[in-house]
Amino acid sequence: MAVYTDVSDEALAAFLADYAIGELVSFRGIAEGVENSNFQLRTTQGDFILTLYEKRVNVQELPWFLGLMQHLATEGVTCPQPVADKTGETLKILAGRPAAITTFLPGVWPRKVRGSHCRPLGQALAQLHLAGRSYAPVRHNSLGPAAWVPLLNSCRSGANTVLAGLEAELDAAFAHILPHWPGREQNPELPRGQIHADLFPDNVFFLHDTVSGLIDFYFACTDFLAYDIAICLNAWCFEEDGAFNVTFARQLLLGYQDVRALTDAELAALPVLARGAAMRFLLTRLYDWINTPADALVTPKNPLDYLKRLRFHLATESVDGYGL
Ligand SMILES: Nc1ncnc2c1ncn2[C@@H]1O[C@H](COP(=O)(O)OP(=O)(O)O)[C@@H](O)[C@H]1O
Ligand SMILES: N[C@@H](CCOP(=O)(O)O)C(=O)O
């Protein structure tokens with residue numbers, strides 16, 4: 001469960017007095033989520049989400065994230081919109097933590113992904129990328145390739161306790177990823193822009209097979225647009241047993257291209273981007289798996305799910321393997 005910080009009735013009342021969003025009707029902690037403390041807030045004007053930002057989010061970067069969500073919402077992306085207080089502030093302090101109120105989005109995230117989710121997902125991702133083009137501020141991807149070897153270094157002593165030989169397997173995999181990673185320079189064939197960078201099923205709400213909202217922009221950054229697709233291929237297109245579902249991948253790529261055509265360079269780069277995406281989530285999960293205390297509120301996710309994905313992408317040499 002993810003409510004790390006308690007909010008007293010008195011603190012909440014004082015906090016809400018700064019806003020013009022009606023009278024408090026109900027308030028409850030949301031068990032789902034990993035990173036931050038989230039609460040559902042109902043007032044006489046409707047439903048809202050109150051988020052208290054916890055340790056992993058860099059406070060200095062919160063204005064970038066809130067600005068991006070505001071911008072995307074203005075451009076027609078259904079995502080949480082920061083709510084300003086009576087003085088125009090969206091980022092405030094509550095219970096000693098940075099805090100913001102955002103709009104509540106209707107819908108439910110898919111507990112089991114179906115093929116019918118993947119085309120609308122691809123369309124929504126491309127719409128997000130197009131809407132992000134007019135948001136100029138840049139946020140470097142702090143979990144990009146430069147972070148991966150240091151992350152593995154910080155877990156080396158524990159890696160082989162998770163799986164014998166894991167450390168050597170990851171070191172070997174780096175040789176198939178890092179030297180082939182596209183350069184950071186502006187390359188019109190491999191466009192960069194604002195990406196979500198964590199668009200997993202639990203961050204996409206659906207109503208009747210239609211995307212009703214995208215949430216959780218706190219890993220968003222400025223990077224290759226196609227890297228976001230690679231993250232979605234990993235998060236949406238594998239079965240529980242680790243088998244790749246090429247039909248889901250094809251639907252995802254077709255949906256994306258309904259809205260934004262991929263360049264030849266983006267299509268050619270997909271295998272290496274997908275390897276990198278698998279490595280990124282494998283490593284953060286490995287770090288959490290090794291470092292999360294047994295009595296922690298949140299159960300760490302299994303890093304080995306991403307080892308299966310990484311092995312698949314290492315064996316995939318072209319976009320044909322993803323159904324195009
Ligand atoms: N804007 C929103 N509208 C509706 N529900 C939301 C919204 N934001 C968060 N939630 C709820 O809170 C849960 C956790 O949110 P999330 O942003 O994924 O947390 P974390 O960043 O801690 O992982 C979601 O699964 C959803 O149930
Ligand atoms: N999507 C990541 C973990 C981040 O969790 P979120 O609740 O913030 O999406 C993973 O699956 O490893």
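Visitor: What makes you place ligand 1 where you do with respect to domain 1 (9–103) and domain 2 (115–322)?
Guide: In this predicted model, domain 1 (9–103) and domain 2 (115–322) each contribute residues to the shell around ligand 1, and therefore ligand 1 lies between them. That shell holds 18 residues, with Glu32, Gly33, Glu35, Pro80 and Asp216 as the closest, and by residue class it divides into nine nonpolar, five polar and four charged.

Visitor: Where does ligand 2 lie with respect to the two domains, and why?
Guide: Ligand 2 also lies between domain 1 (9–103) and domain 2 (115–322), because both of them give residues to its shell. Its surroundings are Gly33, Val34, Glu35, Asp198, Phe200, Asp202, Asn203, Asp216, Phe281, Thr284, Arg285 and Lys301, and these divide into three nonpolar, three polar and six charged residues.

Visitor: Which of the words "buried" and "exposed" fits aspartate 216, and why?
Guide: Aspartate 216 has 22 other C-beta atoms within 10 Å, and since the word buried asks for 20 or more, the residue is called buried. Aspartate 216 lies in the loop between β8 and β9 (221–224), and its phi is near 65°, a positive value in a residue other than glycine.

Visitor: Which of those two words fits aspartate 209, and what makes it so?
Guide: Aspartate 209 has 11 C-beta neighbours inside 10 Å, and the word exposed applies to a count of 12 or fewer, so aspartate 209 counts as exposed. Its place is in the loop between β7 (204–207) and β8 (210–214), and its phi, near 60°, is again positive in a residue other than glycine.

Visitor: How is tryptophan 289 classed from its C-beta atoms within 10 Å, and why?
Guide: Tryptophan 289 has 18 other C-beta atoms within 10 Å; a residue is buried at 20 or more and exposed at 12 or fewer, with partly exposed in between, so tryptophan 289 is called partly exposed. Tryptophan 289 sits in helix α9 and, leaving aside neighbours within four places in sequence, is in contact with Val162, Pro300 and Pro303. Its C-alpha atom and that of valine 272, 17 residues apart along the chain, are separated by 25 Å.

Visitor: Why does leucine 50 get the class it has?
Guide: Leucine 50 has 22 C-beta neighbours inside 10 Å, and as the threshold for buried is 20 or more, leucine 50 counts as buried. It belongs to strand β3 (residues 46–52) and touches Phe39, Leu41, Ala99 and Ile101, when residues up to four places away in sequence are not counted. Leucine 50 and arginine 28 are 22 residues apart along the chain, and their C-alpha atoms are separated by 9.8 Å.

Visitor: Which residues of the largest nonpolar core touch the most other members?
Guide: That core has 73 residues, of which Ala226, Ala230, Cys232, Leu252 and Leu273 touch the most other members. Helix α9 (residues 264–291) gives the most to this core, with twelve residues, and at least three residues come from each of domain 1 (9–103) and domain 2 (115–322). A second, separate core has ten residues, including Phe48, Leu94, Ala100 and Ile101. As for cysteine 232, its contacts, leaving aside neighbours within four places in sequence, are Leu121, Leu125, Leu199 and Leu252.

Visitor: How far apart do domain 1 and domain 2 lie, judged by their C-alpha centres?
Guide: The C-alpha centres of domain 1 and domain 2 lie 27 Å apart, while the contact between them takes 17 residues from domain 1 and 17 residues from domain 2. On the side of domain 1 that touches domain 2, the residues divide into ten nonpolar, four polar and three charged.

Visitor: How do you know whether the chain agrees with or departs from the radius of gyration of a compact globule?
Guide: A compact globule of 324 residues would have a radius of gyration near 20 Å, and the chain has 20 Å, so the value agrees with that expectation. The C-alpha atoms fill a box of roughly 55 × 45 × 35 Å along the principal axes, and 37% of the 324 residues count as buried. Among contacts with a separation of 6 or more, 73% are accounted for by residues 24 or more positions apart, in a chain with ten helices and nine strands.

Conventions:
Residues numbered from 1 in each chain as written. Chains lettered and ligands numbered in written order. Predicted model: local features only at pLDDT ≥ 70, side-chain atom pairs only at ≥ 80, totals over all residues. Helix = DSSP H or I, 4+ residues; strand = E, 2+ residues; numbered from the N terminus. Rg over C-alpha atoms; globule rule 2.2 N^0.38 Å. Contact = placed C-beta atoms within 7 Å. Near = placed C-beta within 6 Å. Nonpolar A, V, L, I, M, F, W, Y, C, P; charged D, E, K, R; others polar. Domains from an automatic or database assignment. Core = buried A, V, L, I, M, F, W, Y, C linked by C-beta atoms within 7 Å.
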